[in-house]
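Work through the exercises below with the structure open. Each task is followed by a stepwise solution.

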Amino acid sequence: LLLHARPEDVLFLGLATGVTASTALRHPSTKAVDVVELLDEVKEAARLFAPFNGSLVDDPRVTVTVDDGRHFLATTPR
């Protein structure tokens with residue numbers, strides 16, 4: 001985010017607690033954040049960290065996709 005002049009769409013491979021991905025939402029030009037996570041349980045567990053990740057999973061600008069990162073990148077039209 002610091003190296004790109006105007007990041008609008010951001011992709012994170014791996015959700016974990018969501019704290020790292022949530023920082024992208026603080027950047028003024030970010031419009032959408034895609035997060036690809038291999039395990040659906042991690043998506044649900046990230047909700048437990050809502051006080052620290054700004055409720056990332058439930059933010060309308062964020063799409064969490066449960067998939068393998070390589071598969072997602074190979075098949076997404078974006």
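**Exercise 1. Salt bridges of arginine 47**

Task: Find the acidic partners of arginine 47 in this predicted model and place them in the chain.

Solution.
- Step 1. Start with aspartate 58: arginine 47 forms a salt bridge with it, and the closest N and O atoms are 2.8 Å apart.
- Step 2. Place both ends. Arginine 47 sits in the loop between H2 and H3, aspartate 58 in the loop between H3 and E3. The two are eleven residues apart, and the pair links distant parts of the chain.
- Step 3. Look for another acid. Glutamate 44 also forms a salt bridge with arginine 47, with 2.9 Å between the closest N and O atoms.
- Step 4. Check exposure. Arginine 47 has a relative accessible area of 33%, so it is partly exposed. Glutamate 44 is at 42%, so it too counts as partly exposed.

**Exercise 2. A link to the chain end**

Task: Which residue meets aspartate 9 in a salt bridge, and which parts of the chain does the pair link?

Solution.
- Step 1. Count the set: the structure holds seven salt bridges.
- Step 2. Pick the pair. The side chains of aspartate 9 and arginine 78 meet at 3.4 Å, N to O.
- Step 3. Locate the pair. Aspartate 9 lies in strand E1; arginine 78 is in the segment after helix H4 (69-75). They are 69 residues apart.
- Step 4. Classify arginine 78. Its relative accessibility is 61%, above the 50% cut-off, so it is exposed.

**Exercise 3. Fold and core**

Task: Give the order of the elements, then identify the largest nonpolar core.

Solution.
- Step 1. Count four helices and three strands.
- Step 2. Read from the N terminus: the elements run β-α-β-α-α-β-α.
- Step 3. Test compactness. The radius of gyration is 12 Å, close to the 12 Å from the globule rule for 78 residues, so the protein is as compact as a globular protein of that length.
- Step 4. Find the core. The largest one has 14 residues; Phe12, Leu15, Val33, Val35, Leu56 and Val62 have the most contacts inside it.
- Step 5. Assign it to elements. Strands E1 (9-13), E2 (32-37) and E3 (62-66) and helix H2 each give two or more residues.
- Step 6. Zoom in on phenylalanine 12. Beyond four places in sequence, its contacts include Ala24, Val33 and Val35.

**Exercise 4. Two loop residues**

Task: Are alanine 24 and serine 29 buried or exposed?

Solution.
- Step 1. Place them. Alanine 24 is in the loop between H1 and E2, and so is serine 29.
- Step 2. Apply the 20% cut-off. Alanine 24 is at 0% relative accessible area, so it is buried. Serine 29 is at 7%, so it is buried.
- Step 3. List contacts beyond four places in sequence. Alanine 24 touches Leu1, Val10, Phe12, Thr30 and Val33. Serine 29 touches Arg6, Pro7 and Glu8.

**Exercise 5. A nonpolar surface patch**

Task: Which residues form the nonpolar patch on the surface?

Solution.
- Step 1. Name the members: Val19, Leu48, Phe49 and Phe52, with about 410 Å² of accessible area together.
- Step 2. Take valine 19. It belongs to helix H1 (residues 19-22). At 32% relative accessibility, valine 19 is partly exposed.
- Step 3. Take leucine 48. It lies in the loop between helix H2 (40-46) and helix H3 (50-53). Its relative accessible area is 70%, so leucine 48 is exposed.
- Step 4. Locate leucine 48 in space. Its C-alpha is 8.2 Å from that of threonine 17, 31 residues away along the chain.

Note on methods:
Residues numbered from 1 in each chain as written. Predicted model: local features only at pLDDT ≥ 70, side-chain atom pairs only at ≥ 80, totals over all residues. Heavy atoms only, no water. Patch = residues over 30% accessible without salt bridge, like charges linked within 9 Å, V, L, I, M, F, W, Y side chains within 5 Å. Areas by Shrake-Rupley, 256 points an atom, 1.4 Å probe, with all protein chains shown as cover. Salt bridge = Lys/Arg side-chain N within 4 Å of Asp/Glu carboxyl O. Buried < 20%, exposed > 50% of the residue type's maximum accessible area, 1.4 Å probe, protein only. Core = buried A, V, L, I, M, F, W, Y, C linked by side-chain atoms within 4.5 Å. Contact = heavy atoms within 4.5 Å. Rg over C-alpha atoms; globule rule 2.2 N^0.38 Å.
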